[in-house]
Amino acid sequence: MILFTISLELCRGGTMDLIDIIKLFFELTVGAIVLGVIFGVIATELIKLFKNDSFLCYNTTLVGCYLVYYVAEYGDLGIHISGIMALVSMGLYMAAFCRTKFTTEAREKVHRIWKVYVFVAETIIFILGGVIVGTKSLNNPNLIDLIGYKEIACLVALYFCMMFARFIS
């Protein structure tokens with residue numbers, strides 16, 4: 001994403017020399033890491049206060065993730081910051097220093113809730129990816145000869161087998 005931002009700036013007709021590219025790269029990465037660690041410290045301290053209430057611990061992690069991304073991407077902090085990098089650095093900080101702040105019960109509940117969110121997000125991403133690739137492939141007259149209805153039926157059957165395997169695991 002960081003290299004994409006630099007490339008986009010160059011493609012829009014902006015002129016950047018090597019110093020500007022290095023400066024933008026460090027703004028995007030170092031600023032994001034610092035912002036993510038700051039939000040990680042705040043979330044860790046809040047979780048320390050709410051450690052007996054799993055609902056508040058879960059909400060702290062959820063709101064912290066959305067908030068750090070929003071502030072990094074849309075907040076006017078004076079520098080460009082990568083929201084993905086800020087989110088990853090917050091997650092790494094919390095994984096390293098926040099794990100012991102939860103009670104065992106709260107940690108298990110928060111972990112279960114996040115597993116559900118991950119499953120839903122992965123499913124949506126793969127369904128959208130499949131629909132987009134399928135639509136593009138089926139609308140291309142050259143590919144329709146290569147992919148027949150038998151292959152499409154096998155892919156659909158494979159998808160349902162995969163979902164069933166994930167359901168029982």
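Here are some friendly notes on the helix packing and the nonpolar core of this predicted model.

1. **The core.** A good place to start is the largest nonpolar core, which has 18 residues. Those touching the most other members are Leu35, Ile47, Val68, Ala86, Met90, Met94 and Phe102. Four helices each supply at least two residues of this core: α2 (18–49), α3 (54–74), α4 (83–97) and α5 (104–139).

2. **Leu35 as a way in.** If you would like one residue to click on, try Leu35. Leaving aside neighbours within four places in sequence, Leu35 is in contact with Val68, Val71, Ala72, Leu77, Ile81 and Ala86. Leu35 also appears among the α2 residues that meet α3.

3. **α2 against α3.** The axes of this pair come within 10 Å and cross at roughly 160°. An angle over 145 degrees counts as roughly antiparallel, so that is how α2 and α3 lie to each other. The crossing of α2 past α3 is right-handed. By class, the residues of this contact comprise 10 nonpolar, four polar and no charged.

4. **Who meets whom in that pair.** From α2 come Leu35, Gly36, Phe39, Ala43, Leu46 and Ile47. On the α3 side they meet Cys57, Thr60, Thr61, Gly64, Leu67, Val68, Val71 and Ala72. Ile47 and Val68 are worth a second look, as both are also on the list of core residues that touch the most other members.

5. **α3 against α5.** Here the helices pack at an angle of about 45°, with axes 8 Å apart. α3 and α5 are therefore oblique to each other, and their crossing is right-handed. The contact of α3 with α5 has nine nonpolar, two polar and one charged residues.

6. **The residues of the oblique pair.** α3 brings Ser54, Cys57, Tyr58, Thr61, Leu62 and Cys65 to this contact. Their partners in α5 are Ala106, Lys109, Val110, Ile113, Trp114 and Tyr117. Cys57 and Thr61 of α3 are also named in the contact with α2.

7. **A closer look at Leu62.** Is Leu62 buried or exposed? Its relative accessibility is 18%, and the cut-off for buried is under 20%, so Leu62 counts as buried. Leu62 lies in helix α3. Beyond its neighbours within four places in sequence, Leu62 is in contact with Trp114 and Tyr117, two of the α5 residues that meet α3. For a longer-range check, Leu62 and Val118 are 56 residues apart in sequence, while their C-alpha atoms are 12 Å apart in space.

Key:
Residues are numbered from 1 along each chain as its sequence is written. This is a predicted model: local features need pLDDT of at least 70, side-chain atom pairs count only at pLDDT 80 or more; totals for chains, interfaces and linings use all residues. Side-chain values use heavy atoms; hydrogens and water are left out. A nonpolar core is a set of buried Ala, Val, Leu, Ile, Met, Phe, Trp, Tyr and Cys residues joined through side-chain atoms within 4.5 Å. Buried means under 20% relative accessible area, exposed over 50%, partly exposed in between (1.4 Å probe, protein chains only). Contact means heavy atoms within 4.5 Å. Axes are lines fitted to C-alpha atoms, for helices over the stretch in contact, and angles run from 0 to 180 degrees between N-to-C directions. Angles under 35 degrees count as roughly parallel, over 145 as roughly antiparallel, 65 to 115 as roughly perpendicular and the rest as oblique. A crossing is left-handed if the near helix is turned anticlockwise from the far one by less than a right angle, and right-handed if clockwise. Ala, Val, Leu, Ile, Met, Phe, Trp, Tyr, Cys and Pro count as nonpolar, Asp, Glu, Lys and Arg as charged, and the others, Gly among them, as polar.
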